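Hi there,

I'm handing over the structure we talked about, so please open it and have a look around. My notes on what turned up are just below it.

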Amino acid sequence: MAQATAPSSRFISGFGVQVLAGMVGGLALGLLARRLGVEDGQAGHALAETLHQVGSIFIQLLRVLVPPLVFTAIVASIANLRELQNAARLVWKTLLWFAITALIAVAIGITLGVVLQPGAHAALDAATAAAPRTNGSWLDFLTGLAPSNILGLNASTKVGEAGASTSLSFNVLQILVIALAAGIAALRVGPAGEGFLAFNASALAVVRKVLSWVIRLTPIGTVGLLGNAVAQYGWTTLGQLGAFTGAIYLGLALVLFVVYPILLTAHGLNPLKFFANAWPAIQLAFVSRSSIGTLPVTETVTEGGLGVPRAYAAFAVPLGATTKMDGCAAIYPALSAIFIAQFYHLPLGLTDYALIVAVSVLGSAATAGLTGATVMLTLTLSTLGLPLEGAGLLLAIDPILDMGRTAVNVAGQALVPTLVAKQEGILDQAAYDAAAGVAPEGAVTQS
């Protein structure tokens, strides 16, 4: 795969330092705002609100690029996949590795829940539990697959004291389905579809250029995102659920820093090279708490830094962003379900643990039409017959847990295409081994 000429590695090193400086600056400003007080009328309120706005605007800029990026990239990948002899094998191997890594992650979550028993060490009042408003259902997969409109948009209306407000959001899974249908149709109509494919390729180039501009803002966005997280949540809310939080982060660390390196080593890939190349997406996922918001960066590092062919990465990464969630859909619901069972003194048998495994491996697809780890948790609880109110016990610390969960999600979304590309002999090993990171322009640096 031809690589674009990138700025010098010295510049990229400087960009990496800028992102690190953004994290340090965000941490410092967040702590300052929290110390001054973030409530309305307190000295730190304006600072906290500024951090919130900076982070929100950055994520909004990334998210607005997701629909055109996913659509144009998927259509282009369909056109390019016709040149690959192993396209069908790439698809089923991707799904297989999604399942394998999810199985490993849920096994770790169950083991930690049984051994550490976080539910037995929670100083919580059961009366404060309340069932969440959004619940997962096995029918969500079918409803999520069927596009509600040609743009893949969803509208929701909230009624409050100030009146009714309607907001629009996009469903990446539906956009993916629409793009697949459009790409295949363009190929089937023959010469009549060439103009559409040419226009799509041009649009994709434009979207990628705009994306490169937004990625340059990552250091500033990091200041706002991390600063806001520290200012709003701090660490005081962890007291009553310290054992549970520790178990979650231990499980996430085992998957990210033990399981993934073992899989990479088994495929003849240097784990340090992987983290050096994928780190921009992982760290952005941590501070943004959004796999969808991080999707443009994840796709950029997977193609440019890890050497996965664009035709394959453009399909696998968006699919992973909706269905590949080792943090939210495997470790978290497994540990949370065990925690809730222990908290309510409800015994779990082998059949229950088998159901947890089944839900974690298949449930991420079943809830692809919805978002959030709470959806996966409620699906797990309802399948096991555990009280949904238990999910309400964990909502107070969910933002803190979500940072680690999303980082693992995104790491897995970059890992699987890399493993499959290596197995199929289509990985650009030179780009992978360069490990110089990815430029804001999205190109691979060459030392």
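A good place to begin is with two rings: phenylalanine 244 and tyrosine 332 are both buried. Keep in mind that this is a predicted model.

The count of aromatic pairs comes to 6. In one of them, phenylalanine 244 meets tyrosine 332 edge-to-face, with 6.4 Å from centre to centre and 65 degrees between the planes. Phenylalanine 244 belongs to helix 8 (residues 242–266) and tyrosine 332 to helix 12 (residues 327–343), so this pair ties together parts that are 88 residues apart in sequence.

Another edge-to-face pair is made by phenylalanine 343 and tyrosine 344, at 5.2 Å centre to centre and with 90 degrees between the planes. Phenylalanine 343 counts as buried because its relative accessibility is 13%, under the 20% cut-off. Tyrosine 344, at 25%, is partly exposed. These four rings join Phe339 in one aromatic cluster.

Now go back to tyrosine 332 and look at its face: arginine 405 lies over it, 4.3 Å from the ring centre.

Both residues also take part in a helix contact. The axes of helix 12 and helix 16 (residues 398–423) come within 9 Å and cross at roughly 130 degrees, which makes helix 12 oblique to helix 16. Helix 12 contributes Gly327, Cys328 and Tyr332, while the residues from helix 16 include Leu401, Arg405 and Val408. Sorted by class, this contact has 4 nonpolar, 2 polar and 3 charged residues.

Enjoy exploring!

Best wishes

Technical notes: Residues are numbered from 1 along each chain as its sequence is written. This is a predicted model: local features need pLDDT of at least 70, side-chain atom pairs count only at pLDDT 80 or more; totals for chains, interfaces and linings use all residues. Side-chain values use heavy atoms; hydrogens and water are left out. Rings of Phe, Tyr and Trp (its six-membered ring) pair if their centres lie within 6.5 Å; planes under 30 degrees apart count as stacked, over 60 as edge-to-face and the rest as tilted. Helices (H or I, at least four residues) and strands (E, at least two) are DSSP runs, numbered from the N terminus. Buried means under 20% relative accessible area, exposed over 50%, partly exposed in between (1.4 Å probe, protein chains only). A charge sits over a ring if NZ of Lys or CZ of Arg is within 6 Å of the ring centre and within 35 degrees of the ring normal. Axes are lines fitted to C-alpha atoms, for helices over the stretch in contact, and angles run from 0 to 180 degrees between N-to-C directions. Angles under 35 degrees count as roughly parallel, over 145 as roughly antiparallel, 65 to 115 as roughly perpendicular and the rest as oblique. Contact means heavy atoms within 4.5 Å. Ala, Val, Leu, Ile, Met, Phe, Trp, Tyr, Cys and Pro count as nonpolar, Asp, Glu, Lys and Arg as charged, and the others, Gly among them, as polar.
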